[in-house]
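User: I'm new to this one, so could you walk me through it? Let me put it on screen first.

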Amino acid sequence: MSDYFRLFNEIGIIGQLSRALLEARLPPGFVAAQFSVLNYLVRVRDGSTPLDIAQAFQVPKNSMTHSLHVLEREGLIEIRKNPQDGRSRLVYITDKGRMFREDVIGALAPDIARIAAAFPPDFVARLLPDLETLRKFLDADRDVAR
């Protein structure tokens with residue numbers, strides 16, 4: 001098995017394990033994909049179109065529409081008309097959505113503390129730049145690869 005395949009295999013397993021950990025801390029009825037949308041709006045771009053968000057997550061627009069509907073129903077996001085283009089809509093995280101996100105991150109604190117006890121800060125600091133570089137490459141390359 002090539003080292004590149006092993007790398008992606010490990011990343012995939014870590015992704016699955018971390019998603020399961022996150023979903024165990026989410027309130028009933030929520031899944032990691034919905035939390036990820038809130039995280040995207042805070043971390044990347046509040047005021048995105050549903051299509052932009054779907055493309056960022058590489059999911060069909062109708063799948064994203066379902067996640068956005070759940071988040072809107074719970075008052076965690078608002079979907080507003082685009083003032084520059086009345087046909088499109090923009091998604092904004094609400095104060096309740098920001099608090100929800102912070103509460104979930106807080107619920108992960110004991111899990112993160114266990115991980116931190118096993119892996120010291122310098123280990124994480126060494127990993128992060130390389131992982132960020134790989135993510136940025138894959139993000140830029142995703143349209144080229146198709």
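Analyst: Let's start with a term: a residue is buried when its relative accessible area is under 20%, exposed when it is over 50%, and partly exposed in between (1.4 Å probe, protein chains only). This is a predicted model, where local features need pLDDT of at least 70, side-chain atom pairs count only at pLDDT 80 or more, and totals for chains, interfaces and linings use all residues. Residues are numbered from 1 along each chain as its sequence is written, and side-chain values use heavy atoms, with hydrogens and water left out.

User: What share of the residues in the protein is buried?

Analyst: The protein has 146 residues to count over. Going by the cut-off for buried, the share comes to 24%.

User: In what pattern do the helices and strands follow along the sequence?

Analyst: Helices (H or I, at least four residues) and strands (E, at least two) are DSSP runs, numbered from the N terminus. The protein has seven helices and two strands. Read along the sequence, they give α-α-α-α-β-β-α-α-α.

User: How are α5 and α6 oriented to each other?

Analyst: Axes here are lines fitted to C-alpha atoms, for helices over the stretch in contact, with angles from 0 to 180 degrees between N-to-C directions. Those of α5 (residues 95–107) and α6 (residues 109–118) come within 4 Å and cross at roughly 45°. Under 35 degrees counts as roughly parallel, over 145 as roughly antiparallel, 65 to 115 as roughly perpendicular and the rest as oblique. The two helices, α5 and α6, are therefore oblique.

User: Which residues of α5 and α6 make the contact?

Analyst: Contact means heavy atoms within 4.5 Å. On the α6 side there are A109, P110 and D111, and on the α5 side I105, G106 and A107.
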